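Here's a friendly walk through one protein model, with a stop at its aromatic rings and a few of its helices and strands. Have a look at it first, then read on.

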Amino acid sequence: ILDNFLFEINKNRLQISGSDLETTMTTSLELEKADKGGSVAIPAKLLLDILKSLPDHPITFNINAENFGIEISSDYGKYKLSGQNGNEFPKNPKIDGASKLSIPAHVINRAIGKTIFATGNDELRPVMSGVFFQLAEDSLTFAATDAHKLVRYKRSDAKAPKAASFILPKKPLNLLKNTLALLVSDVEIEYNETNASFTFDN
């Protein structure tokens with residue numbers, strides 16, 4: 001199921017999610033038309049290959065709600081795929097009792113860029129394969145080490161409503177870094193002792 005994208009249709013809005021259990025990424029877009037709501041898991045690699053072969057042109061998804069068969073049609077041809085029940089896709093963890101903070105995208109992007117190169121790759125020491133976020137009421141500090149080099153990056157122009165700290169793994173940070181590079185808005189971070197969520201634009 002993790003080899004799939006989750007498509008969830010609610011009225012005329014499509015939400016697409018991908019996950020490897022550790023990291024989940026979700027985005028949404030408006031549809032021109034949706035007959036009814038529902039969810040289906042669509043093979044990610046096959047779908048991307050199909051979309052790469054098509055020009056920038058409207059496409060239609062016909063989904064069989066009984067066997068999750070998918071037909072993708074456009075003026076350039078039809079493709080048939082076998083999907084899976086969207087209910088089997090892992091649910092996003094709820095961040096209970098979350099603390100919130102809002103940071104300009106360029107600040108967090110620069111913080112990741114200044115520290116992620118110093119993270120380690122030792123799976124036996126996962127605390128060294130991520131970036132340490134230390135949120136304080138007067139500053140934000142980001143640190144990373146692989147036991148040979150240590151980097152600390154501090155910002156006094158951003159702050160948190162209350163003190164907290166956590167380590168974020170390298171993979172989601174790389175995804176964030178690539179996504180935030182062109183963003184000019186703020187990023188809202190919600191976090192508790194086990195999970196962190198970054199929300200921006202759509």
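Phe142 is buried, with a relative accessible area of just 1%. Keep in mind that this is a predicted model. Phe133 is buried too, and its relative accessible area is 1%.

How do the rings of Phe133 and Phe142 sit relative to each other? Their centres are 4.9 Å apart and their planes are at 80 degrees, so this pair is edge-to-face; the cut-off for that label is over 60 degrees. These two have company: ring pairs link Phe133, Phe142, Tyr153, Phe166 and Tyr191 into a cluster.

In total, the model has 5 aromatic pairs. Another one is made by Phe7 and Phe61, whose ring centres lie 5.7 Å apart with the planes at 45 degrees, so this pair is tilted. What does this pair tie together? Phe7 belongs to strand E1 (residues 4-10) and Phe61 to strand E5 (residues 60-63), so the pair ties together parts that are 54 residues apart in sequence. As for how hidden they are, Phe7 counts as buried at 7% relative accessibility, while Phe61, at 28%, counts as partly exposed.

Here are the two pairs side by side:

| Ring pair | Distance between centres | Angle between planes | Type |
|---|---|---|---|
| Phe7 and Phe61 | 5.7 Å | 45 degrees | tilted |
| Phe133 and Phe142 | 4.9 Å | 80 degrees | edge-to-face |

Now for a helix. Which residues of helix H1 (residues 44-53) are buried? They are Ala44, Leu47 and Ile50. These buried residues cover an arc of only 130 degrees around the axis, which puts them on the same side of H1. Over on the other side of H1, Lys45 and Lys52 are exposed. And what covers the buried residues of H1? The cover includes E1, strand E4 (38-43), E5, strand E6 (69-74) and strand E7 (77-82). E1 and E5 should ring a bell: they are the strands that hold Phe7 and Phe61.

Last stop, a pair of strands. Strand E2 (residues 13-19) and strand E3 (residues 24-30) run antiparallel, joined by 7 bridges. One of the residues to look for is Ser19, whose bridge partner in E3 is Thr24. E2 and E3 form a hairpin with 4 residues between them. In the turn, Leu21 has a positive phi of about 80 degrees.

Methods
Residues numbered from 1 in each chain as written. Predicted model: local features only at pLDDT ≥ 70, side-chain atom pairs only at ≥ 80, totals over all residues. Heavy atoms only, no water. Phe/Tyr/Trp six-rings, centres within 6.5 Å; stacked < 30°, edge-to-face > 60°. Helix = DSSP H or I, 4+ residues; strand = E, 2+ residues; numbered from the N terminus. Buried < 20%, exposed > 50% of the residue type's maximum accessible area, 1.4 Å probe, protein only. Pairing = 2+ DSSP bridges. Arc of directions from axis to C-beta. Contact = heavy atoms within 4.5 Å.
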